[in-house]
Amino acid sequence: MARFPKGYVKPTSSCPGCLAWGDFRGRLCPACYMFGRGHDTAECTGCRRVQPLKWNYCRLCWCQARLDAKTTEGLPAAGAYVRERLAAVRSHQLFFVGLHYRRRPTPPAQRKGGRRGPPRKPPPAPAWRPDPGWRQPPLFEQIPRRFARLDPADADLASPCLTWAKYLAHRFAEARGWGRNIRFAVNRGLAVVLTGHVEGDVIRHTEIFSPLRALDLPVGHIVTVLEEMGIFEDDSEPSFERWLIGRLEGLAPGIGAETERWTRVLRDGGPRSLPRKEGTVWLSLNHVRPSLLEWSSRYDHLREVTRNDVLIHIKTLHGHQRRDQLVALRSLFTWAKRQGLIFRNPTSRIKVGQNEYAVLQPLLPEQVERSVEAAMTPAARLVLALAAVHAARVAQIAALMLDDVDLGNRRLTIAGRARPLDDLTLKLLTDWLDHRRRRWPSTANLHLLINSQTANTTGRASNHWICAPMRGQDATLERLRVDRQLEEALTHGPDPLHLAEVFGLDEKTAMRYADSARSLLEQAAEQHLR
């Protein structure tokens, strides 16, 4: 794909699909792009060009047939007559991009209640699980179905199972604020996967994921309805399994097998150990992998690794790399010793050392100003205030609920601790709530921060989305949080108890901020004396 330099403006050109002239992004005009997504490419019966076809004719021929029907007096310009005019197309009238649609001379009459267009369809009638009645028990296991071969036009719309599914989808749409497009797509996907469904059959994730994605249908919303019906089975391979196979590649068979067992114990827990978070498991295996790859070229099992091998390896490391890899190796060999896989722990009596933190430095005013200028949306400005004023972590900001905001009493609860709302945060919070109400009036998500993806669900926004506006800046959300806590220590004195009470910090973390503030104050005093 060609990459254009920054500031490049695509010149005015002609669309290769409909030959329309105008300004548009990409290779095709928007209308031809959407037309091509829903139709297969072949040779057009009218103009003999290889284009996406509808009823064996390309979009340019359809536009000309519609124009001919419109200019013919006394005949309608839509429906079956336009299809009849396709065979009579012998030439094409060129047009500009976006100007070939029929425009009404006057605005349409407004219906009662302020809504335009046809009246809304009534909600589906209440439906329940259909009575299967008597049926023959299956003699063999369920045969995998090929949903990709099913044409949506051949769906069985009169199926009692589909009627029940549409009613459940309507209830989810009302409860979670699904829009009209999502409702239509969910009903279309349910019609595809439930055609030919027999009571007792199970719909598996691997069977429907690719066909639904090929039709641009929301797999997650459809799976939600199928799970409520009790006929869905998630047989997809977890991402952890694929990652683990890749990380163990290159290790000796004996070393790789025991390392896999240790990794699974870290994730799932054991008789005498609690399960760790998946991120901790990733870091632990990534830390021991370099040393295990080196030893796999000489040894076949962990019991062959000696203390001297560990010392030689960690001598090549410095700082946090030495500490992290040594801690992970101690965890691996301690587990192996406890399981009786090795005779002696080669990492015993090797000191990790005390982690010496550097003195925290405050942010410069110009760094903070650049981050303020980068916050362009109401959500970004609110997130910036929560990090810079209230020292909230990204995960804590993502977990905020609407019930945590008390505008009447000017209180905000972050991670279980109530904080007073200052004027700046109150204004930004009010602006965001107004934007949230206008943008997603029907959402059922109770999280304070939502976006176009989470507005139709009940989950929280991702950390990646929250940090996106500040990414690339010197004053990131994490550095703003640290700067706020350091400023508190510099303003009210390096008192760890005060910091722990105000921000809810751990005692060691509060002492670290107090030490950094004390060092900065001493440096400032020395420079003043000079």
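1. Let's start with the lining of the largest pocket, to which helix 4 (160-176) and helix 5 (180-194) each supply at least two residues. Helix 5 makes the largest contribution, with 10 residues of the lining. Please keep in mind as you read on that this is a predicted model.

2. The pocket itself has a volume of about 1100 Å³. It is lined by 31 residues, and those closest to its centre are Lys121, Arg180, Arg183, Phe184 and Asn187. Sorted by class, the lining residues are 18 nonpolar, five polar and eight charged. If you are browsing the structure, those five central residues are a handy place to begin.

3. One of these central residues, Arg183, also takes part in a salt bridge: its side chain meets that of Glu174, with an N to O distance of 3.1 Å. Are the two partners buried or exposed? Arg183 has a relative accessibility of 29%, so it counts as partly exposed. Glu174 is partly exposed too, because its relative accessible area is 49%, and the limit for exposed is over 50%.

4. You will also find a cavity here. The count comes to one cavity of 30 Å³ or more, and the largest cavity has a volume of about 30 Å³. Its lining is made up of Arg129, Pro130, Cys161, Trp164, His197, Glu199, Met229 and Ile231. By class, that is five nonpolar residues, one polar and two charged.

5. Now to charge pairs more broadly. Side chains of opposite charge can pair when their charged atoms come close. How many salt bridges does the structure hold? There are 18. Arg204, Glu207 and Glu233 are linked in a network of such bridges. Another salt bridge joins the side chains of Arg267 and Asp268, at 3.0 Å from N to O. Both of these partners fall in the middle class: Arg267 is partly exposed at a relative accessible area of 23%, and Asp268 is partly exposed at 47%.

6. Helix 9 (residues 253-268) contains Glu260. With a relative accessible area of 29%, Glu260 is partly exposed. Beyond its neighbours within four places in sequence, Glu260 is in contact with Leu244 and Leu248. What separates Glu260 from Glu207 in sequence and in space? The two are 53 residues apart along the chain and 30 Å apart from C-alpha to C-alpha. Glu207, you may recall, belongs to the salt-bridge network with Arg204 and Glu233.

7. Helix 16 (residues 423-439) offers a nice pair of views. Thr425 lies in this helix and is buried, because its relative accessibility is 1% and the cut-off for buried is under 20%. Setting aside neighbours within four places in sequence, Thr425 is in contact with Ala385, Leu386, Val389 and His390.

8. In that helix there is also a salt bridge between Lys427 and Asp431, whose closest N and O atoms are 3.1 Å apart. Lys427 and Asp431 both sit in helix 16 and are four residues apart, about one turn of the helix. Lys427 counts as exposed, because its relative accessibility is 52% and the threshold is over 50%. Asp431, by contrast, is partly exposed, with a relative accessible area of 33%.

9. Strand 8 (residues 411-414) is worth a look for its two faces. In a regular strand the side chains alternate between the two faces of the sheet. Here Leu412 and Ile414 make up the covered face, while Arg411 and Thr413 are on the uncovered one.

10. Strand 8 has a partner in strand 7 (residues 405-406), joined to it by two bridges in an antiparallel arrangement. Val405 stands opposite Leu412 of strand 8. The two strands form a hairpin with four residues between them, and Arg410 in the turn has a positive phi of about 55°.

11. Strand 8 also pairs with strand 9 (residues 417-420), again in the antiparallel sense, over four bridges. Leu412 stands opposite Arg419 in strand 9. This hairpin has two residues between its strands, and Ala415 takes a positive phi near 55°. Taken together, Leu412 stands opposite Val405 and opposite Arg419, and belongs to the covered face of strand 8.

Conventions:
Residues are numbered from 1 along each chain as its sequence is written. This is a predicted model: local features need pLDDT of at least 70, side-chain atom pairs count only at pLDDT 80 or more; totals for chains, interfaces and linings use all residues. Side-chain values use heavy atoms; hydrogens and water are left out. On a 1 Å grid over the protein atoms alone, a cavity is a set of points where a 1.4 Å probe fits but cannot get out, and a pocket is an open set with protein on both sides within 12 Å along at least five of seven lines; lining residues have an atom within 4 Å of a point. Grid points are joined across faces, edges and corners, and a volume is the space filled by probe spheres set on the points. Ala, Val, Leu, Ile, Met, Phe, Trp, Tyr, Cys and Pro count as nonpolar, Asp, Glu, Lys and Arg as charged, and the others, Gly among them, as polar. Buried means under 20% relative accessible area, exposed over 50%, partly exposed in between (1.4 Å probe, protein chains only). Contact means heavy atoms within 4.5 Å. A salt bridge is a side-chain nitrogen of Lys or Arg within 4 Å of a carboxyl oxygen of Asp or Glu. Two strands pair if DSSP finds at least two bridges between them.
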